[in-house]
Structures are given as C-alpha cells and as structure tokens.
Amino acid sequence: MAGRKRRVTSRDVALRAGVSQSAVSRAFTRGSSIADETRRKILEAASALNYVPNSIARSLITARSNIVALVVGDMGNPFYSAILDEFSQVLQGLGKHVLVFRVASGSEVDDALLEVLQYQVDGIVVTSAQVSSKMAGLCLERGIPVVMFNRYVEGLQTDNVCCDNFKGGQLVARALLESGGTRFAMIAGEREASTNRDRMEGYLQTLEQAGIARDAVLVEQGHYTYEGGMSATLRLFDNPLTAPDALFCGNDIMALGAIDALCDTLGCRIPDDVMVIGFDDIPEASRSPYRLTTVRQPRDRMIEMTVELLERGENDAASKPTTHFVDAELIWRETLRELI
C-alpha cells in the first residue's frame, strides 16, 4: 500500500512563487496588505500544488483563530433558526468561522461555555440562554469577549444587544386598546428570561395606565413553545365568563398554537371574538391561515451591533460592557381588528 502523501505547506508555495512564507500568509488573510501581482503569483502556485491554508497552524502564530462560538438554546423557535443562519452569513462574510454549541433543554449554559473554552475562539455570542457571572468572568479573564443576544442579566459583565422588549409590550397593549379590547390576557414565556419579563411589564404597565388593573389581566405560562401556547389558550378559555377578547402571546410560536386552539378546538372567530398579537415576526406569522399581527424584532440591526461589539472586545479587552436596546415595530395583519 502506498504511503500517505506529504501535506503541501506554505513553505512549498513560497518556494514555487519565489516569495517569503509571510507573503503567502498575507495572501490568504482577508484585508492584508500585499501587491496584486504578488498575490496572483502566490494563488497560482497554491493552485498548482493543491495547497489549502492550515487555519489551526496560523492561529498558533497569530493567537487569533477567527472562530466565533454561537451558543444557542431553543432551536424549535424559527426566530433563533433564522438568527443562526444570518449570524453565519455575516460572520463568514467577515472571514470568520462559526462554531455552534447547543444548550439542550434542562442543561446549563455554563456547561456549554466550559466546552467552548476548550477551543481557541475569538468571541462568544449567547442567544436564548442565561450565563452566570462566574462563567462570564472566566471568559473575560481569558480575553474572550462575550455578547448576550436579545437578553441581558443585571450586573453581568458582558455586552448585551436586545430588542426593546418593554416598548414592544407597550406597542401591543396600545394596539389592543385602540382596537376595542376589553378583557385582556397574556401567554408568557420563560419566567426568568429578560425578554419575557420586559415584554410583560411593558404590556401590563400600559394597560394599567389605561385603567386596567394588573390582577384583571389573565396570565398563563406557555414556555415559548407551540404546544405551550395551545395548552395555555385552552386554560384561558376554560371559563366563558372570563374568556379574554384581547390576547398577547410572548412570541409568535405560542401565538400560532393559540390561534390553532382558538379556531380548531374552541370555534372562535379571529379577530371578531378574540384578537391575537405575537412577537418576533417569524416567516410563518405572515402566512395563511395565520396572518398574525406581531412585533417585528430588528434582526439585521441587532446582529450588526453584536458583531461590532465582538470586534471591539477583540481589539480592546478593557472596554466597559454596554447594553444596547433596538426599537421594534408593530406589524399589523388580520388577527387585529381595525382601529375603532
């Protein structure tokens, strides 16, 4: 049996092209300064030798891997599936690689971050999960910037980029009030999540300012899932005397479950009998038979800001952590009555 063929190295390319090894490295590094003619000679030599740069070897020299870890939780929510896809596109467009770590239901995000730290990543983005102060500190001690995406933890020394969920909850309450809602309810998500807390507070506070007492607003937990939205809806409508005519679901997935329960099981007419508003504006929200009124999160801007903060953290480890809130937008569709 023939032995394994020797791997072509940057030294081989340099010798064939008549340049230094450092020139070969610059030729394969995005944004590096190198003459066009020199780059052309190097690429031709690399092609002739079937050379592929060794990113791991390069990272040992530069102390940069160009790898960003994305720590994700709820992949059953299309919002986060879209986020993962869009993050990957943006980061790869910047010459970075994406390493995905999934936090399974019931698992601790700190365990996932311990695994992340076994790799030489340049930055970490945490979505749909919570991080402890101890683990955030461990990452920062190693010079690895951590950005929380669409959530924050008070006192945590990380950068945070969030949709303004409080204002989003306000938008929902105002729309339901203006459309003639009189009996209000909410299907909430995870109790401890900042997204859930801020959306609920914006909603309840605005209703309270309009004369609707907080304890008059029915609240059920839907755990940010389709099945949770269905079950919570059936509980809310168990008593016809207290059934709401204005329902805010803390995300679109729960809203879709609520609509299916209302139409298929309870025989309600939407929006005549009950109005429904979601949050996120996932692709399914605009499709028939839902046509869901919802709050659209500005995903593009949020991702852009997150990447900017990662790059700032890579270049300035002493930078102070910041929290950025980005305004959301109400998307008016067919589950909300016309303004009265």
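**Exercise 1. The sheet**

Work out the strand order of the open six-stranded sheet in this predicted model, and find which strands stand at the edges.

*Solution.* Start by reading across the sheet: the order is β7-β6-β8-β9-β10-β12, and the pairing is mixed. Next, look at the ends of that order. β7 (218–221) and β12 (329–331) each have a single partner strand, so one side of each has no neighbour in the sheet. Finally, check the twist, which averages 20° from one strand to the next.

**Exercise 2. One strand pair**

In which sense do β6 and β8 pair, and over how many bridges?

*Solution.* Pick out residues 184–188 for β6 and 246–249 for β8. This pair runs in the parallel sense, with four bridges. To get your bearings, find M186, which sits opposite F248 in β8.

**Exercise 3. A helix on the sheet**

Which strands does α11 lie across, and at what angle does α11 run to β9?

*Solution.* Follow the helix over the sheet: α11 lies across β6, β8, β9 (275–280) and β10 (293–296). Then compare directions with β9, where the angle is about 155°.

**Exercise 4. The cores**

Find the residues with the most contacts inside the largest nonpolar core, then see what F87 touches.

*Solution.* This core has 63 residues, and the ones to pick are F87, L176, Y203 and L247. Helix α11 (residues 252–265) supplies the largest share of this core, seven residues. Now zoom in on F87: leaving out residues up to four places away in sequence, F87 touches L70, V125, F149, I303, T306 and V307. Last step: there's also a second, separate core of 20 residues, including V103, V116, L117 and V126.

Notes. Residues are numbered from 1 along each chain as its sequence is written. This is a predicted model: local features need pLDDT of at least 70, side-chain atom pairs count only at pLDDT 80 or more; totals for chains, interfaces and linings use all residues. Side-chain values use heavy atoms; hydrogens and water are left out. A nonpolar core is a set of buried Ala, Val, Leu, Ile, Met, Phe, Trp, Tyr and Cys residues joined through side-chain atoms within 4.5 Å. Buried means under 20% relative accessible area, exposed over 50%, partly exposed in between (1.4 Å probe, protein chains only). Helices (H or I, at least four residues) and strands (E, at least two) are DSSP runs, numbered from the N terminus. Contact means heavy atoms within 4.5 Å. Two strands pair if DSSP finds at least two bridges between them. Axes are lines fitted to C-alpha atoms, for helices over the stretch in contact, and angles run from 0 to 180 degrees between N-to-C directions.
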